[in-house]
Amino acid sequence: MHGAYHGEYKVPGGKLVVVDLDAEDGVLRNVRVAGDFFLEPDEAILSIDRALEGAPVDTGAAGLAARIDAALPPGTQMFGLTSEGIGVAVRRALAHATDWTDYDWQLVRMPPQSPALHMALDEVLTAEVAAGRRPPTLRVWEWGAPAVVIGSFQSLRNEVDPEAAERHGIQVVRRISGGGAMFIEPGNTITYSLSVPEALVQGLSFTDSYAYLDDWVLGALGDMGVRAWHQPLNDIATEAGKIAGAAQKRMVAGGGAVLHHVTMAYDIDADKMTEVLRIGREKLSDKGTKSAKKRVDPLRRQTGLPREAVIERMIASFRGRYGLAEGHVTEDELARAKELAESKFGTPEWTARVP
């Protein structure tokens, strides 16, 4: 690698890190780290630059962070900044990563749709982003029926009590992303998808990409008085409990794209949820609680706002950060999604592909 590179990375929950550097003969040269973070003592910034100078261009973010930590003056304090965040900014520079503001974002909102069609829309719209035929898209869902959405690799029989699901009129669908089961009731759930070019998360580890793509919604929640944070790998949590879970799917066709979708608990019928979902003791103990009811703390209680007001404030926050134009699903996209819902997501073969 040769040439000049520029990278930016907003540390989740922190500040922006900007890195400018040259790559010469396989190593980093003329490294300059900047940003709106706070750092004491002043000379620590020079120590960071010197630590990165001469590092092999293929050094990972963790290796770069280790070089920085070894070079920092005793007593260095970082505020809104981490050594790992600087390492990620370097990797993003070398990978020619893009930024949120590099794109013309599109908002898609539709009337309530069936659970199977929502699964299909995620696949179709993200494939369109990968192919370059659709701009990066924020899609806010409206559910046409209650559902349990299981992860791509979950066992159907281990996750869902079929008799309880039938008794409560709950459909079971399987999504294309991994992760755990989500209990959905239309008026109690806020769900959205981000379909983004792979370039937006270039240089980020799989774990870091979750935090990076969730950062905007943490800011939106903060504006509503909810102090929330990303809890690795894929939860959004508050002091009162979990409020959301995320999942991702990478698509390699075309230019590559990432589907990042999030389901948030606005309200919840915890008794019904524990009837329908087979939530095992091991999973609960791993979360540090004895009851599934205590794992989720709905946004209705924490914000005091109507569900639609929460959604509107989330959209306004995204628009204020990155810009967001009103968009729609094209006739061709909708036709393909309907066909996919019928031939794949609505079939027993797909739903029970892991029995």
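# Reading cavities, helices, strands and backbone angles

Modeller: The lining of the largest cavity consists of seven nonpolar residues, with no polar and no charged ones. The model is predicted, and everything below refers to that model.

Colleague: Which residues form that lining?

Modeller: L138, V140, Y192, W216, I311, M314 and I315 line the largest cavity. Two elements, β7 (137–140) and α11 (307–322), each give two or more residues to that lining. The largest share, three residues, comes from α11.

Colleague: How many cavities of 30 Å³ or more are counted, and what is the volume of the largest?

Modeller: The count is one cavity of 30 Å³ or more. The volume of the largest cavity is about 30 Å³.

Colleague: Turning to pockets, what is the volume of the second largest one, and which residues lie nearest its centre?

Modeller: The second largest pocket has a volume of about 240 Å³. Its lining has 14 residues, and Y9, P12, E84, V88 and D208 are the ones nearest the centre. At least two lining residues come from each of α2, α3 and α7 (206–223).

Colleague: How many residues of that lining are nonpolar, polar and charged?

Modeller: Eight are nonpolar, four are polar and two are charged. The lining of the largest cavity, by contrast, has no polar and no charged residues.

Colleague: Back to α11. How should I read its length?

Modeller: Set the expected span against the distance between the end C-alpha atoms. At 1.5 Å a residue, the 16 residues of α11 should span 22 Å, and the end C-alpha atoms are 23 Å apart, so the two agree.

Colleague: Which residues of α11 are buried, and where do they fall around the helix axis?

Modeller: The cut-off for buried is under 20% relative accessible area. In α11 the buried residues are R307, V310, I311, M314, I315, S317, F318 and Y322. Viewed down the axis, they fall within an arc of 155°, so they line one face of the helix. I311, M314 and I315 are also in the lining of the largest cavity.

Colleague: What do the same checks give for α3?

Modeller: α3 has 12 residues and reaches 17 Å from its first C-alpha to its last, close to the 16 Å expected at 1.5 Å a residue. Of those 12 residues, 10 are buried, so α3 is largely enclosed by the rest of the structure. The buried residues are S83, G85, I86, G87, V88, A89, V90, R92, A93 and L94.

Colleague: What happens just after α3?

Modeller: Most residues other than glycine have a negative phi, and most peptide bonds are trans. Just after α3, H96 takes a positive phi of about 55°. H96 lies in the loop between α3 (83–94) and β6 (106–109). H96 has a relative accessible area of 56% and is therefore exposed.

Colleague: N30 has a phi near 55° as well. Where is N30 found, and what is its relative accessibility?

Modeller: N30 is found in strand β3 (residues 27–35). Its relative accessibility is 38%, so N30 counts as partly exposed.

Colleague: And the peptide bonds: which ones are cis?

Modeller: One of them runs from E40 to P41, with omega near -5°. P41 is placed in the loop between β4 (38–40) and α1 (44–52). Another joins P232 and L233, with omega about 0°. L233 is in the loop between β12 (229–231) and β13 (235–238).

Colleague: How do I read a strand such as β8?

Modeller: Look at the side-chain directions, then at the partners. In strand β8 (residues 147–150), A147 and V149 point one way, V148 and I150 point the other way, and all are buried. On the pairing, β8 and strand β9 (residues 171–174) run parallel and are joined by four bridges. Within β9, R174 is the bridge partner of I150.

Colleague: How many bridges join β8 to β10, and do the strands run parallel or antiparallel?

Modeller: Three bridges join β8 to strand β10 (residues 182–184), and the two run antiparallel. A147 has I184 of β10 as its bridge partner.

Colleague: Last, how far apart are G54 and A237 in sequence and in space?

Modeller: G54 and A237 are separated by 183 residues in sequence and by 40 Å in space, C-alpha to C-alpha. G54 sits in the loop between α1 and α2 (61–71). At 24% relative accessibility, G54 counts as partly exposed.

Terms used:
Residues are numbered from 1 along each chain as its sequence is written. This is a predicted model: local features need pLDDT of at least 70, side-chain atom pairs count only at pLDDT 80 or more; totals for chains, interfaces and linings use all residues. Side-chain values use heavy atoms; hydrogens and water are left out. Buried means under 20% relative accessible area, exposed over 50%, partly exposed in between (1.4 Å probe, protein chains only). Two strands pair if DSSP finds at least two bridges between them. On a 1 Å grid over the protein atoms alone, a cavity is a set of points where a 1.4 Å probe fits but cannot get out, and a pocket is an open set with protein on both sides within 12 Å along at least five of seven lines; lining residues have an atom within 4 Å of a point. Grid points are joined across faces, edges and corners, and a volume is the space filled by probe spheres set on the points. Ala, Val, Leu, Ile, Met, Phe, Trp, Tyr, Cys and Pro count as nonpolar, Asp, Glu, Lys and Arg as charged, and the others, Gly among them, as polar. The expected span of a helix is 1.5 Å times one less than its number of residues. The arc is that of the directions from the helix axis to the C-beta atoms.
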